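Subject: Structure handover

Hello,

Here is the structure you asked about. My notes follow below it.

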Amino acid sequence: MLLMEPINLLKFPKAWNQLVFSSKQQRRTPQTRLLKIGLFVRKWPEKNQAGGMERHALTLYLALAKRGHDLHIFTTSSSANIPSIMSNLHFHISRPIGSGYLNQVVAWKQFLEENATKAFDVIHSESVGLRLTKSSTYLNNVAVSWHGIAYETIHSDIIQELVRNPLDSSSQQVISDGKMMKVVEEVKFFQYYAHHVATSDHVGDVLKRIYMIPEERVHIILNGVDEEIFKPDVSKGNDFLLKLGINQDRSRSSIILGLSGRLVKDKGHPLMFEALQQIFLENSTFKDSVIVLIAGNGPWGDRYKELGPNVMVLGPLERAQLAEFYNAIDIFVHPTLRAQGLDQVPLEAFLTGKPVMATKLASFTGSIIVNEDMGYTFSPTVSELKKVLYEVWEGGKKNLEKKGWFARERGLKMFTATKMVAAYERLFLCISGNDEEKQHKSEDYCVYQPHEEMD
């Protein structure tokens, strides 16, 4: 993206990931400003027991610590202490309350005590890790990243009600007045945060239009994943398949579909199961020439095993194993029914050079699969999913390889951890300090200069 004029970053309407921030800031010099940053996150990830929000925090804050910033993390953990791997990464642990939420009173007291030693330059909250209220002191250096908002859950409820088995009354979803009031509540208390980071283009639009937050306080920074882990490696993919008893002759003659994550209803697995079951009954050639690899665990794992030996449930995989898994498949399938945030698994597939077929949700079509060159989208019905599965199968491996190339190109442009971290660092530098301090800065971090793309 080539810009000719300086731009005010706080009013930049698109994802910051597409900008190339000055490499001079990434090469630490005596003049580079290092920040004291406070992070509020509901739970710090332990091993591989982490959701998307926790993985986002882990990736972002380890990288910022490596860049020299002083990080203080206010969170909960099942352990009394979390071992810090860096001297500038500090944990302030409290016991969770309710359904694992961060105790706001205790965490805020910890924050004030640390703030008294040296004031924080920036405060960052992962969703409502830090819950600001009307009675809170307004702070202009607070930014919150939203990994799902109430407005999105209404769309999710509509989808799940439409695909619900009419005979299964126990699973009936009711879009109640309570859900609508939750949106109204968010519209009110979101105003107390100075800056909002939307993790998808769609959420950025909703925050501006529906939640009525001024555009200069809404910034789009898409999620990013580690490009050093998730990258193309044919040999790793072949080795992964061999461990599963799939030799190269068989893999070359088969279309290999991959799914990963929690094998639960709201992730779309009943939909995928039914679509595969119907196709296998209709078309024996499809059944014999398609291999389905499923990484994850959950109640639908046993159901998938009923579909025969070409459907293999692998259980949960560590990140390095997931990279091998992506390299082993031809296309990643993401049938989720949850329209919340920006899931990281499609981004991992993109960076590994694999196309994605995903539910036609605004976050996917607006930020990830922006055209048919890099994947497929489908409405969340069995008939539409079957239609796209047949299209993938009939198109063949060469077509998927071509789409995978375009997916990889978009992944490198938009979804690397490096680009995400650089964007957050620039935002934090921009909003840090008071107005008087900003007037004495030698560099205005809120202004993007065209020459930065050439550094």
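Which residue in E11 does Ile294 stand opposite? The partner is Val313. On the other side of the strand pairing, Leu259 has Ile294 in E10 as its bridge partner.

Before going further: this is a predicted model. The mean pLDDT of the protein chain is 88, with 87% of its residues at 70 or more. Among the elements, strand E12 (residues 331-334) has the highest mean pLDDT, 98, and helix H1 (residues 23-26) the lowest, 49. Where pLDDT is low, the predicted coordinates should not be read in detail.

Overall make-up

The protein chain has 455 residues, of which 53% are buried. It holds 17 helices and 15 strands. Of the contacts between residues at least 6 apart in sequence, 70% join residues at least 24 apart. One such separation in sequence is seen with Arg55 and Gln344: they are 289 residues apart along the chain, and their C-alpha atoms are separated by 8.9 Å.

Strand E10

E10 covers residues 290-295. All six of its six residues are buried, so the strand is largely enclosed by the rest of the structure. In a regular strand the side chains alternate between the two faces of the sheet. In E10 one side carries Val290, Val292 and Ile294, the other Ile291, Leu293 and Ala295, and both faces are covered. E10 pairs with strand E9 (residues 255-260) in the parallel sense over six bridges. The pairing of E10 with strand E11 (residues 311-315) is parallel too, over four bridges.

The seven-stranded sheet

An open sheet of seven strands runs in the order E4-E3-E2-E5-E6-E7-E8, with parallel pairing. Its edge strands, E4 (89-94) and E8 (218-220), each pair on one side only. From one strand to the next the twist averages 20°. Within this sheet, strand E2 (residues 36-43) is joined to strand E3 (residues 70-76) by six bridges, and Lys36 stands opposite Asp70 in E3. Helix H6 (residues 201-209) packs on the sheet and touches strands E6 (142-146), E7 (195-198) and E8. The direction of H6 makes about 170° with that of E8.

Two residues with positive phi

Most residues other than glycine have a negative phi. Ser127 has a phi near 50° and lies in the loop between strand E5 (122-126) and E6. Met212, in the loop between H6 and E8, has a phi of about 55°. Are these two residues buried or exposed? Ser127 counts as buried because its relative accessibility is 11%, under the 20% cut-off. Met212 counts as exposed because its relative accessibility is 59%, over the 50% cut-off.

Helix H2

Glu54 lies in helix H2 (residues 52-66), and Arg55 is found there as well. Glu54 is buried yet has no salt bridge. Which side chain of opposite charge is nearest to Glu54? That is Lys43, 5.3 Å away, and a salt bridge would need the nitrogen within 4 Å of a carboxyl oxygen. Leaving aside neighbours within four places in sequence, Glu54 is in contact with Lys43 and Pro45. Arg55 counts as partly exposed because its relative accessible area is 26%.

Regards

How values were computed:
Residues numbered from 1 in each chain as written. Predicted model: local features only at pLDDT ≥ 70, side-chain atom pairs only at ≥ 80, totals over all residues. Heavy atoms only, no water. pLDDT = per-residue confidence, 0-100. Buried < 20%, exposed > 50% of the residue type's maximum accessible area, 1.4 Å probe, protein only. Lys, Arg positive; Asp, Glu negative; His and termini not counted. Contact = heavy atoms within 4.5 Å. Pairing = 2+ DSSP bridges. Axes fitted to C-alpha atoms, helices over the stretch in contact; angles between N-to-C directions.
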